[in-house]
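Q: Please take a close look at one part of this protein. Start with a single loop, then work outward.

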Amino acid sequence: MTFDHSADIRRLRATVADLLAFSTLPETWVGREPTAIAAELADLLVESLQMDFAFVRLCDPAGCQAVEVMRGDAWKAFPEWLEQRLAVLGHISRKDIVTSVNGEESCRGILIPIGVNGERGLIAAACDRADFPDQIDQLLLSAAANNAAIAFRNAHLINELRRIQEALLASERELRKARDELEIKVAERTAELQRSEAYLAEAQRLTRTGSWAVNVLTKDVFHSSEEHSRLYGFDPDRGSPSFEELHQRIHPEDRARIDEAFEAARRAVTDVDVHFRIVLPDGTIKRLHSVAHPVIDESSEAAEVVGTVMDVTEQWNARAELERAFEEIKDLKERLQRENIALREEVDQAFMFEEIVGHSMPLRSVLAGLAKVAPTDSTVLITGETGTGKELVARAIHRRSKRAGGAFVGVNCAAIPPELIASELFGHERGAFTGATQRRLGRFELAHHGTIFLDEVGELPLEMQIALLRVLQEREFERVGSSVPIRVDVRVIAATNRDLQAAVESGAFRSDLFYRLDVFPLAVPALRERADDIPVLVEYFINRFARKAGKVIRSINKKSLDRLCAYPWPGNIRELQNVIERSLIVCETEEFIVDENWLSARPAPSSPVALAGHLAGHERALIEEALRVSGGRVFGPDGAATKLGIPRSTLESKIRALRIDKRRFRLPPGAQKH
C-alpha cells in the first residue's frame with residue numbers, strides 16, 4: 001500500500017509560510033492602533049487559516065477600553081456561545097477546545113488567551129472540519145496569539161516611548177525657547193544700556209551742555225567739563241579755568257545779579273536757575289542758562305555748588321525772530337482773511353445773473369461799448385435803474401480785461417454806514433478807533449492788480465468823495481490811523497441809479513469826482529426799453545430755476561407770456577426774475593403759467609402816454625410838495641425821499657421820468673424851511 005504524502009507536504013509548507021507571516025506581524029504592526037491590529041489579525045485568521053469564524057479581543061492591562069473585531073457569519077449562534085463560554089471560564093489563561101457549539105457537532109471551536117494570563121485579550125476561532133483544531137491549527141493560532149501579544153506590547157511600549165520622547169522634546173523646546181528668550185533679553189538690555197550711554201554722550205555734545213562744580217566760599221573750581229570750558233571760550237586741554245577767569249567772562253551788567261543768586265542759594269540751600277550773558281575775547285556775546293544746586297558741608301564750613309550750563313543763544317535769537325515773524329504772519333493772515341471774505345462776497349454776489357441775456361438794439365449798444373472799453377484800463381461809469389444788471393456789466397468788463405486774473409472787489413456804498421466807509425474802503429490800523437483790535441485791509445488794497453466796483457457811488461458823503469478823488473488821481477491812500485501812503489494798482493468801475501449831473505448841480509456830488517468817474521459812460525437800459533428781450537429772458541430764467549427745483553417745463557402759456565411782455569417792469573430784470581421763480585414754485589404742470597393777479601396790481605399801460613395820464617399828475621404833485629418842504633434835497637433825514645417813505649433811488653428815477661426840476665425848490669442862502 002502506497003501513501004500519498006503530497007497533501008501533508010503542501011500543508012506543512014503552508015504552515016511554515018503562515019508561521020513566517022505571523023512572525024513578521026509585530027514589525028508590520030509597529031506604531032499602529034489596536035483597532036487596526038485586531039482587524040488585520042481577524043482577517044488573517046479567516047482568509048489565510050480558512051477559519052469559518054474568528055474573534056479577536058485586544059485590551060490594555062492599564063485599564064483602557066478593549067477593542068473587539070469579529071469576522072465570518074456562517075454560524076449565527078457562535079457569538080452567543082462565545083459570551084456564554086467566557087462567562088463560564090471567566091479569565092482565559094489556557095487553550096479551551098470546544099467540540100460543539102450549542103449542540104452542533106459539525107462546528108468546533110477554540111479559545112486562546114493573548115498574554116500570559118489573557119491580560120491582553122483572546123483569540124476565538126471556529127471551523128466545520130471534523131479534526132479542527134488539530135496540532136497545526138493550534139500551533140498557528142498560538143503563534144498568532146503570541147505575535148499579537150508581542151505586537152500589542154511593542155505598540156504599547158512604542159507609544160509610551162513616543163509619548164516620553166515627545167514630552168522630552170517639548171521640554172527641550174521649552175528650555176531652548178526660555179534660554180533664547182533670556183539671551184535675547186540680556187542682549188536687548190545690554191544694547192539698550194549701550195545705546196543709552198551713547199545717546200547721553202551725543203545729547204551732551206549736541207545740546208552744548210557743560211557741567212561744573214565750585215566752592216563759592218573759597219572760589220575754587222574743582223570740576224569743569226570740556227563743554228563747559230568751550231562755552232566760556234577756554235581750551236579744555238589746558239585744564240579747568242579758574243573761578244576768576246569764569247567770573248570775568250560774565251557780562252558786566254549781569255555779574256552782580258549772578259553773585260546775589262548764588263549767595264542766596266547758599267544761605268537758603270535752594271536751587272539756582274538763571275539766564276545771563278558772557279562776553280568772549282573776540283567780543284561775541286553768548287546767552288547761557290545755568291541750573292545749580294548747593295551742597296552744604298557744615299563741618300568744613302564749605303559751600304559747594306554743582307550744576308550745568310547750556311548755550312541758549314540760538315534759542316534766544318530764534319525766539320526774537322519768531323516774535324517778529326509772528327507779527328508778519330498776523331498781518332498776512334489778516335490779509336488772507338480779507339481776501340477770502342472778498343472772494344466769498346464775489347461768489348455770493350454772482351446770484352443775480354449768470355450771463356447777459358438778450359439781443360435787442362439797446363442791449364447791443366451797451367455790449368458794443370463794453371467790448372471796446374474792457375481791454376483798456378479806463379474808468380467806467382455805469383448808469384441805470386435799480387435791477388437792470390449794472391453789476392453784471394461791471395463783471396463782464398473785468399472778465400474781458402487784462403486784469404481778469406486779479407480780484408473783482410465789489411462795494412455797495414449805500415449799504416455802509418457813513419462812519420465806517422473810510423475803514424471799509426481804505427482799511428485801518430490796530431487801535432485806530434474803539435473796537436479796532438487788529439489791522440484790517442481795505443477794499444482798495446484787496447483789489448490790487450484787479451478791479452474795484454463802487455456800486456451806488458452817488459451815495460458817498462462829501463468827505464469820502466474827496467478821499468476817493470485822491471485815490472483816482474494819485475493811486476494812493478492811507479489806512480485809518482496811519483500816515484503811511486499805500487500805492488495801489490486798481491481799475492475803478494462805478495455805478496449809480498442817480499442823476500449825477502443833477503447831484504453836481506445841487507451840490508450833493510463833487511463835479512471833479514464826477515468827471516474823473518465819467519471817463520467812459522455806459523447807460524444800461526431799463527427792461528421796458530428792451531421789451532424784445534423779455535421772451536428770451538423768460539425762457540432763460542425758466543430753464544435756470546426749473547433745473548434748481550427739479551421740474552420739467554415743456555411749454556409757456558401764451559397769455560402769460562403776453563402779460564409778461566406788456567408789463568412795464570418797474571423793478572426791471574430783478575423783478576422779472578422774482579416773478580419767474582415764484583411762478584415755478586407753485587407750478588404743478590409742464591406748462592409755465594403766471595398768475596395774472598401778480599401783474600394786475602400794476603397793469604401795463606398801452607403806451608407811456610397812457611401811464612402818464614393815469615399816474616403822472618398825482619405823483620408829480622406829491623413829489624413837488626415833498627421837494628418844496630425839503631428845500632430841494634432828495635436824501636438825508638429831512639430829504640424828500642424820507643418824507644415820502646420811498647428809497648431815494650426810486651425817487652430819483654421818478655424825478656427824471658417826470659422831468660421835475662429840483663433846482664427850483666432850493667432855498668436861497670439863509671432861508672429856513674417851512
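**A loop residue, a helix and some charged pairs**

A: Leaving aside its neighbours within four places in sequence, S225 touches G210 and S211 in this predicted model. S225 sits in the loop between β7 (220-224) and α6 (226-231). Is S225 buried or exposed? S225 has a relative accessible area of 16%. Buried means under 20%, so S225 counts as buried.

Strand β9 comes next. V295 belongs to β9, which runs over residues 285-297. V295 has 39% relative accessibility, so this residue counts as partly exposed. V295 also helps to make a nonpolar surface patch, together with F222 and V306. The patch covers about 240 Å².

Now move along to helix α10. This helix spans residues 361-373, which makes 13 residues. How far apart should its ends be? At 1.5 Å a residue, the expected span is 18 Å. The end C-alpha atoms are 19 Å apart, so the two values agree.

Which residues of α10 are buried? They are L363, V366, G369, L370 and V373. These buried residues cover an arc of only 125° around the axis, so they lie on the same side of α10. Something has to cover that side. The cover includes the strands β11 (380-383), β18 (491-496) and β19 (520-523). Helix α11 (390-399) is also part of the cover. Now turn to the face of α10 that points away from its buried side. That face carries the exposed residues M361, S365 and K372.

Charged pairs are the next stop. Side chains of opposite charge can pair when their charged atoms come close. How many salt bridges does the structure hold? The count is 25.

One of them joins the side chains of R528 and E385, with N and O 2.4 Å apart. The pair links distant parts of the chain, 143 residues apart. R528 is in the loop between β19 and α17, and E385 is in the loop between β11 and α11. R528 has 40% relative accessibility, so R528 counts as partly exposed. E385 has a relative accessible area of 15%, so E385 is buried.

Another salt bridge pairs E445 with R479. Their closest N and O atoms are 2.8 Å apart. E445 lies in helix α13 (residues 443-446), while R479 lies in the loop between β16 (476-478) and β17 (485-487), so the pair ties together parts that are 34 residues apart in sequence. E445 is buried, with a relative accessible area of 7%. R479 is buried too, at 10%.

A further salt bridge joins the side chains of R530 and D533, at 2.9 Å from N to O. Both R530 and D533 are buried. Salt bridges can also share partners: R470, E474, E476, E478 and R487 are joined this way into one network.

One last stop is R554. Where does R554 lie? R554 is in the loop between α17 (534-549) and β20 (555-556). R554 has 64% relative accessibility, so R554 counts as exposed. R554 and E590 are 36 residues apart along the chain, yet their C-alpha atoms are separated by 5.4 Å.

Notes:
Residues are numbered from 1 along each chain as its sequence is written. This is a predicted model: local features need pLDDT of at least 70, side-chain atom pairs count only at pLDDT 80 or more; totals for chains, interfaces and linings use all residues. Side-chain values use heavy atoms; hydrogens and water are left out. Patches are made of residues with over 30% relative accessible area and no salt bridge: like charges are joined within 9 Å, nonpolar side chains (Val, Leu, Ile, Met, Phe, Trp, Tyr) within 5 Å. Accessible areas come from the Shrake-Rupley method with a 1.4 Å probe; for residues, only the protein chains shown count as cover. A salt bridge is a side-chain nitrogen of Lys or Arg within 4 Å of a carboxyl oxygen of Asp or Glu. Helices (H or I, at least four residues) and strands (E, at least two) are DSSP runs, numbered from the N terminus. Buried means under 20% relative accessible area, exposed over 50%, partly exposed in between (1.4 Å probe, protein chains only). The expected span of a helix is 1.5 Å times one less than its number of residues. The arc is that of the directions from the helix axis to the C-beta atoms. Contact means heavy atoms within 4.5 Å.
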